[in-house]
Amino acid sequence: MEYHAEESSSRESSPLSTPPESTPGSPQSTPHTSPSLNTPISQSDLVIELNIPPPRTSHRLAAQRAQTAIKRVFEDTNANTGEEAHKRTCLRTNPDTEPESPQSIIDHGVLHDSQESAMQAVLKTMAAASKLKSATGNTDVAPRTVSVRPQPSGQPVVWAKGRGSLCEALPYFKAYKGSLHSANVVAQGFLIDSEAEEGDVFGEQVIISSVGGGRVKDPKSGTMIRAKDANDNATNVRAFMAAHCHKEPIAIIAGEGHPLYPCQPPHPYAVLGYFHITDMWKQKVIPRGASKSVSIWRIRFEKANLAQPSWWTPQGATRPGPVTETQATVVPCGKCNTKGKQLFTIGWFCLNHKCEHYFTFPDGTLVDLEGLTYTEGFLNERTHYARQVPSIIPPVLDPTGMHGTELALRQGFVCPSCGCCNRRVYWNRWVCENPACNYTRNAPMQPYHAAFLKEENTKFEMRMQTRRETWGVNHNPLGLANYPIDPFATIYHRGYLEYSQTLVLGGFQVRQYFLPDSQGQILGSFTIFSASDEVNCRPNGPDDLFRSLERTDIGLRRNPSAVVGHKLEGYTRHFQQNFGARYKFGVSVQSKGFEEAPDVILRALQRLAWAKEVAVTNANKLIATLDAGKVWPSAVVPRDGDFNELLALGYMEKDRINYHDDGESELGPVVAALSLGSPSTMRFRPKRKTGFWLPMHQENGKPTYKEILEVTMKHGDMMVMAGADIQKTYEVRNFTLTKARYIDPEKMTLQSDRDDAMIRGTIPDHAKDFIYDGF
């Protein structure tokens, strides 16, 4: 047996009553008024949901009494072992109106001796709170809900602690921000969470929700509210329509913030299972606080496998009986001839939003938008889903024959032991995020064949060469005959890169660019070292370094980067491990001193130290020849400040670092990087509001400059960026394996941090054997 919990402004109508169904085609003679919640409720443990205005000093005591009464009801219910004690009651009292009398609630037989006095105390307290609110004029405070929910009868097969883990582990849900994931404009996965609306249903086999957008932020409450009609051509609407048309199953996930959750949410996110769309209609509603109606799309989802128990059914609740394919009443519209179901107890009316009689009764009477309650026939009808229902558990991928950094292996996984969704946090293994689970699975990297690596870099360079030729601004001053390696940068705006030079340093072909401010004054230099095959294949050269890193566990892992500790916590896309002085800026990265660093890290550090020395020396020489009025004082970089920190970065397929800078005040003026393995690009663009006369585009809703410079970094290449003011003016998007910097201990606030940087950043004596000479 199912009940509806509804809010009523009429003292003659009980909040627990189920309105009788009307005759199809005509409105009820006494329609129901002001329902705020339509959810099928089965017999289960007692649940009290009260809309209580947040307490102020004047009525704090009344609110505390309400909390105490609620707790007493819950305790009394748990103490009562009788069958009637397991009935579930959902009461929502409107704080803007006089509450229902206690006796009218008790007369319906829902509350009994053990609960009667407690419920009366709740209602009296609510009446007091409501009167105090009216007296103080406190009408702009959003109500809050206090709920005590029963435990679920089962446990979800797939669940997640955080949104990121959910999206990385499940192929059918990749929506990090929105509620819908679709592929080829067909809905695949849908999240129902805190933004529930009147008319939504969270049942054991049926879920009703709304989509279509049209929300704006309410300036008073800060919540998102409906302000305009849903767009029929919106991507999410079309995705649901396509799934409905093609009968595609949709995985539904419940967030713990859903106000209609029928049980205590076991996890922040839990997969309910696959559902299919049985009905989709456009409905007029009057949003809370609004004076006019808007149209939204509503969708009725029905569980695809009706024979499978629903774990979210409350403990003690009566489970649905054998499935029978009942159908709601269907009536054709006399105006558009469209056949439609009777969804609401108020009577049948046309739901074709293109019809002239849309939301109008056959006799021409307009539908009361505040009197809509679903019929039992519509909620209880069941439709057999003929197609095969997929498993909500993704298959465990076999890495045999893969290198280990492929996109498929980059994804997260569902723990086979506990069902927890997990990111891939560690470079060389999968680890379950559930503290109560010890599941771990190794993911060793397989050597990347040298021939594949060379082919990948060659093809990449060909694509970049085509891009440079397309822009046509990369004139080679020495001529191809004298300079076999083509310039490896795409200059998008030559006017801002007036000065550059080409050098041969050690075994590298080198190109230096001098980056200006918006007035053309030089801020510093950017140097790119292009490695030849001869340089790469030397003993302890880039080839050997890459092979060593493939075999050595240096501790690479991803780290929290946003809202740390929250269920919406974000992680870096790339993997990190810091050596030397601690890097504590932006993202907190685990760190080891240089004494603990493997030789491969120290060899990379020495190569970068050489690159820094020759790049700064040659850049300072050119700057010295320029007019002083064209150069910022900070463009000439001192040669002191040896690197005392190295950040090792690991990237898998499709990984990237977005635009950023290395301008923390504790960092020195020089940053150097070494690229090993697959090729990548490095791009420069001015930061916002730096006064450049350049084309702009919108990015995340803000005007952003386009790139000035793009360079290719292939296997074995190095770069050096010198000049502190470059970091203040430009931001960079790059992919490098090791990045070396100098962290100035004297600029650290705490003496303990300064001492730690001195100790960890000291290069061990045996690293002198790895000093690099440029060849």
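Strand β24 (residues 522–530) runs antiparallel to β35, and 5 bridges join the two strands. The model described here is a predicted one.

**Strand β35 and its partners**

Within the pairing of β24 and β35, F526 stands opposite M721. A further antiparallel pairing links β35 to strand β30 (residues 667–674), again over 5 bridges. There, L674 stands opposite M718 of β35.

Strand β35 itself covers residues 718–722; because 5 of its 5 residues are buried, the strand is largely enclosed by the rest of the structure. Its side chains point in two directions: M718, V720 and A722 point one way, M719 and M721 point the other way, and all are buried.

**Nonpolar cores**

In soluble globular proteins, nonpolar side chains tend to be buried together. In this model, the largest nonpolar core has 47 residues. The residues with the most contacts inside this core are F508, F529, I601, L608, W610 and M718. Elements that give two or more residues to it include β22 (500–505), β23 (508–516), α10 (542–551) and β27 (575–580), together with α11, β29, β30 and β35. The largest share, 11 residues, comes from α11.

I601 illustrates the contacts made in this region: leaving aside its neighbours within four places in sequence, I601 is in contact with I554, F579, L646 and A648. Apart from the largest core lies another core, of 31 residues, and F190, C263, W311 and W312 are among them.

**Accessibility of selected residues**

The following table sets out three residues by their relative accessible area.

| Residue | Relative accessible area | Class |
|---|---|---|
| C263 | 0% | buried |
| C333 | 3% | buried |
| T625 | 62% | exposed |

C263 counts as buried because its relative accessibility is 0%, under the cut-off of 20%. The value for C333 is 3%, so this residue also counts as buried.

As to cysteine pairing, the count comes to 0 disulfides. C333 is in no disulfide: the nearest cysteine sulfur, that of C336, is 3.7 Å away, whereas a disulfide requires sulfur atoms within 2.5 Å.

**The loop after α11**

T625 lies in the loop between α11 (599–624) and β29 (645–650). T625 is exposed because its relative accessible area is 62%, over the cut-off of 50%. A polar atom of the T625 side chain lies 2.5 Å from the backbone oxygen of L622.

Methods:
Residues are numbered from 1 along each chain as its sequence is written. This is a predicted model: local features need pLDDT of at least 70, side-chain atom pairs count only at pLDDT 80 or more; totals for chains, interfaces and linings use all residues. Side-chain values use heavy atoms; hydrogens and water are left out. Helices (H or I, at least four residues) and strands (E, at least two) are DSSP runs, numbered from the N terminus. Buried means under 20% relative accessible area, exposed over 50%, partly exposed in between (1.4 Å probe, protein chains only). A polar contact is a pair of N or O atoms within 3.5 Å; within protein, one must be able to donate a hydrogen and the other to accept it, and residues adjacent in sequence count only if both atoms are side-chain atoms. Two strands pair if DSSP finds at least two bridges between them. A nonpolar core is a set of buried Ala, Val, Leu, Ile, Met, Phe, Trp, Tyr and Cys residues joined through side-chain atoms within 4.5 Å. Contact means heavy atoms within 4.5 Å.
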